[in-house]
Amino acid sequence: MPTSNTTNDFLNFNLPQDAYVAFDAVSLKDYIIDRLNENEKFTDQNYEGSNLAAVIDIIAYSYHVLLFYLNNTASEVDFDQATLYENMNRIVKLIGYKPAGKQTSMVPINGVASAGLAPSNYTIKKYSYFLAGGVQYNFIDNISFDKVAAGPETLTTLNNNAILYQGSIGEYPDYIAQGEKFEVLPIVVENLVNEADDRFIADNTLSVAVKETADDTYYQYKEVDSLYLTTSVDRVYEKRLNEDGNFEIKFGNGVFGKILAEGDTVAVDYILSDNTEGIISKNIINGNKLFVYDSARRRAIFNDTFANKQDTTFLDITNSPYITFNNPVASSTLADEETVDQIRQNAPKLFSSQLRLVSESDYETFFKKNMANILQSVKVVDNDSYINEYIKYFYDICVDANKVNSVIINQVNFADSCDFNNINVFAVPKFTLTEDKTYPPDLSVSFKNLIVDLSKGKKIVSNSVVPRDPVYMAYGLGISNKGTLEVSDLDNTKLYVVRETTNKINKGTLISRVSSLIKEFFLAKNNTLGENLKIIDLTNSILSLEGIKRIYTSNKNEGVSFEGISFISFNPLYPESDISVINQDVTLPYFKFPYLYSPMSVANRIEVIDE
């Protein structure tokens with residue numbers, strides 16, 4: 001029998017505490033063999049194919065699998081380290097965070113009534129739709145408006161509030177409730193015939209109605225952020241995108257939210273987006289016919305939930321032709337579901353806000369999450385910052401802010417008579433410029449009203465949310481040493497790319513690559529309000545291209561050059577008042593957003609010369 005000391009010496013592995021992380025199947029196998037060789041009682045371990053060698057292989061590779069599982073599960077239960085969507089989704093569920101799902105394209109709609117439409121109050125029924133080149137766009141709520149004049153009339157109420165959602169209307173099969181507390185209904189829609197089908201249920205388009213057995217009547221249930229903020233009689237539900245990528249509808253327990261009774265019928269409708277195939281350009285809906293969606297279930301829900309039917313006239317095939325509809329802007333882009341990193345960034349912010357919009361960052365996080373398919377950038381400021389920086393900007397460039405259309409229109413449309421309580425939301429819509437010298441679009445009035453509507457019930461009651469338009473700053477290749485800069489200086493400036501002597505890369509290829517970098521740098525998706533515009537990074541990216549020795553910007557009319565890339569930046573609405581040369585990194589004010597003045601012809605301002 002070996003002594004106790006001998007046994008302890010044998011079991012003393014002399015390994016640091018974290019040595020396990022360096023082990024894999026091969027290293028563990030080698031370690032086992034080395035230990036057995038030290039004993040000198042066994043030799044079969046040194047012969048591949050022996051029984052002992054086979055046992056060692058099984059142990060080593062089993063350990064490898066278990067270690068992999070340990071490392072993954074250990075990190076995936078931690079909020080800071082989780083990398084898998086399923087695990088992150090489960091973690092944030094503990095704090096009531098609801099990840100955003102995919103969002104479909106949306107487009108504002110305008111209408112002009114002809115004299116043939118009699119003065120009255122009219123209602124467009126929920127899920128009425130247009131077909132534009134085979135693409136379907138729908139109203140997801142009942143929209144009411146008044147026609148006052150006997151003659152033609154622009155329907156202002158409709159134009160300022162109506163938004164269409166792209167996709168087809170889906171009716172989930174009726175669900176018969178079990179009467180359980182916090183009953184959950186998963187919404188699972190899969191195309192089992194065509195696996196390549198990339199359509200999806202659009203977030204923020206689900207509608208839930210319940211036919212209660214007590215009176216055999218449908219009631220519209222309202223989505224809430226948390227059932228625990230409701231009473232026992234509130235007809236409400238929570239919606240959540242679960243770890244499998246499917247929506248779940250959760251009802252109350254009779255204390256927090258009305259409990260479903262056994263036998264209640266739950267009817268869930270949604271918009272099934274056509275994905276990228278549903279994106280349309282402006283004016284595509286012009287003059288198209290309005291269709292009224294109809295089904296037995298939809299008729300029953302409408303009859304039970306729409307009050308005062310006798311006080312309005314519904315648009316149908318007989319009277320809708322008297323209204324000319326059009327979409328004045330292109331549809332918004334799509335937005336993917338939140339990624340793991342986005343959830344990691346957003347969840348703590350929304351949890352700290354406790355479902356209320358208080359601070360500027362609360363508002364920004366909320367709008368970025370819920371309007372991801374519409375907004376490119378958003379910045380929220382209080383009234384002090386608005387007056388001391390934004391309004392001051394206009395006076396600094398000798399422009400009366402009270403005569404600036406964008407300032408006055410937003411103030412009249414959204415602000416009340418008391419200005420100190422304003423929450424000013426500067427919003428840039430997603431856009432892509434397809435022509436030179438065009439001014440980027442401002443957010444449409446209907447989308448601005450959506451910003452206001454989304455914040456209701458979450459903001460402090462005394463605050464007024466006021467959407468604001470940004471100041472777009474145009475950038476073009478330019479250099480000048482004149483005391484008074486002019487936009488025409490752009491026409492006299494070129495970017496010269498010096499090609500290395502030993503490199504014979506095609507000059508046209510170099511021009512294409514350089515112009516692509518410049519255009520990519522100024523794409524809307526790569527910029528934000530008030531960002532640090534890193535011109536030096538753009539210069540370094542160009543110099544890193546194959547075959548380029550150096551670059552310089554030159555205005556030959558003036559005989560002035562700059563070693564590197566130089567731009568002239570200006571406000572297109574007031575080019576004489578706000579214009580400057582920018583050839584170093586610059587931080588923009590929170591209300592300014594950059595764009596390339598002539599993206600289509602920037603290559604014409606680039607010339608390649610030999611070293």
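Gly-111 counts as buried, because its relative accessibility is 0% (buried is under 20% relative accessible area, exposed over 50% and partly exposed in between, with a 1.4 Å probe and protein chains only). This is a predicted model, in which local features need pLDDT of at least 70, side-chain atom pairs count only at pLDDT 80 or more, and totals for chains, interfaces and linings use all residues. Residues are numbered from 1 along each chain as its sequence is written, and side-chain values use heavy atoms, with hydrogens and water left out.

## Around Gly-111 and Thr-154

Let's stay with that glycine for a moment. Gly-111 belongs to strand S2, residues 110-113; strands here are DSSP runs of E with at least two residues, helices are runs of H or I with at least four, and both are numbered from the N terminus. Setting aside neighbours within four places in sequence, Gly-111 is in contact with Glu-153, Thr-154, Leu-155, Leu-158, Asn-159, Ile-323, Thr-324 and Phe-325, where contact means heavy atoms within 4.5 Å. One of these partners, Leu-155, is 44 residues away in sequence, and its C-alpha is 5.7 Å from that of Gly-111.

Another partner, Thr-154, sits in strand S7, residues 153-154. With 46% relative accessibility, Thr-154 counts as partly exposed. Beyond residues up to four places away in sequence, Thr-154 touches Gly-111, Val-112 and Asn-159. For a view across the model, try Thr-154 and Lys-504: they are 350 residues apart along the chain, and 62 Å separates their C-alpha atoms.

## The chain as a whole

Now zoom out. The protein chain holds 13 helices and 33 strands. Its radius of gyration is 32 Å, well over the 25 Å that the globule rule gives for 611 residues, so the chain is more spread out than a compact globule. That radius is taken over C-alpha atoms, and the rule is 2.2 Å times the number of residues to the power 0.38. Along the principal axes, the C-alpha trace spans about 110 × 85 × 50 Å.

Of the 611 residues, 46% are buried. Among contacts between residues at least 6 apart in sequence, 76% join residues at least 24 apart. The chain exposes about 30400 Å², and carbon and sulfur atoms supply 51% of that area; the areas come from the Shrake-Rupley method with a 1.4 Å probe, and for residues only the protein chains shown count as cover.

As for charge, the mean positions of the 54 positive and 80 negative charges are 5 Å apart. Lys and Arg count as positive and Asp and Glu as negative, while His and the chain ends are not counted. Each charge is placed at NZ of Lys, CZ of Arg, CG of Asp or CD of Glu.

## Helices H10 and H11

Helix H10 covers residues 405-414, and Val-407, Asn-410 and Phe-414 are buried in it. These residues lie on the same side of H10, because they cover an arc of only 80 degrees around the axis; the arc is that of the directions from the helix axis to the C-beta atoms. The exposed residues Asn-405 and Val-412 are on the face turned away from the buried side of H10. What covers the buried residues of H10 includes helix H9 (383-396), helix H11 (445-455) and strand S23 (464-468).

H11 is itself largely enclosed by the rest of the structure, because 8 of its 11 residues are buried. Among them are Phe-447, Lys-448, Leu-450 and Ile-451. After H11 comes Gly-457, with a positive phi near 85 degrees.

## Positive phi outside glycine

Two loop residues with a positive phi may be worth a look in your viewer.

| Residue | Phi | Loop |
|---|---|---|
| Asn-204 | about 70 degrees | between S12 (200-201) and S13 (207-212) |
| Asp-216 | about 55 degrees | between S13 and S14 (217-223) |

Asn-204 counts as partly exposed, at 34% relative accessibility, whereas Asp-216 is exposed, with a relative accessible area of 51%.

## A pairing at Asn-532

Finally, Asn-532 is placed in strand S26, residues 532-533. Its relative accessibility is 36%, so Asn-532 counts as partly exposed. Leaving out residues up to four places away in sequence, Asn-532 touches Asp-585, Val-586 and Thr-587. Asn-532 and Thr-587 are 55 residues apart along the chain, with their C-alpha atoms separated by 4.1 Å.
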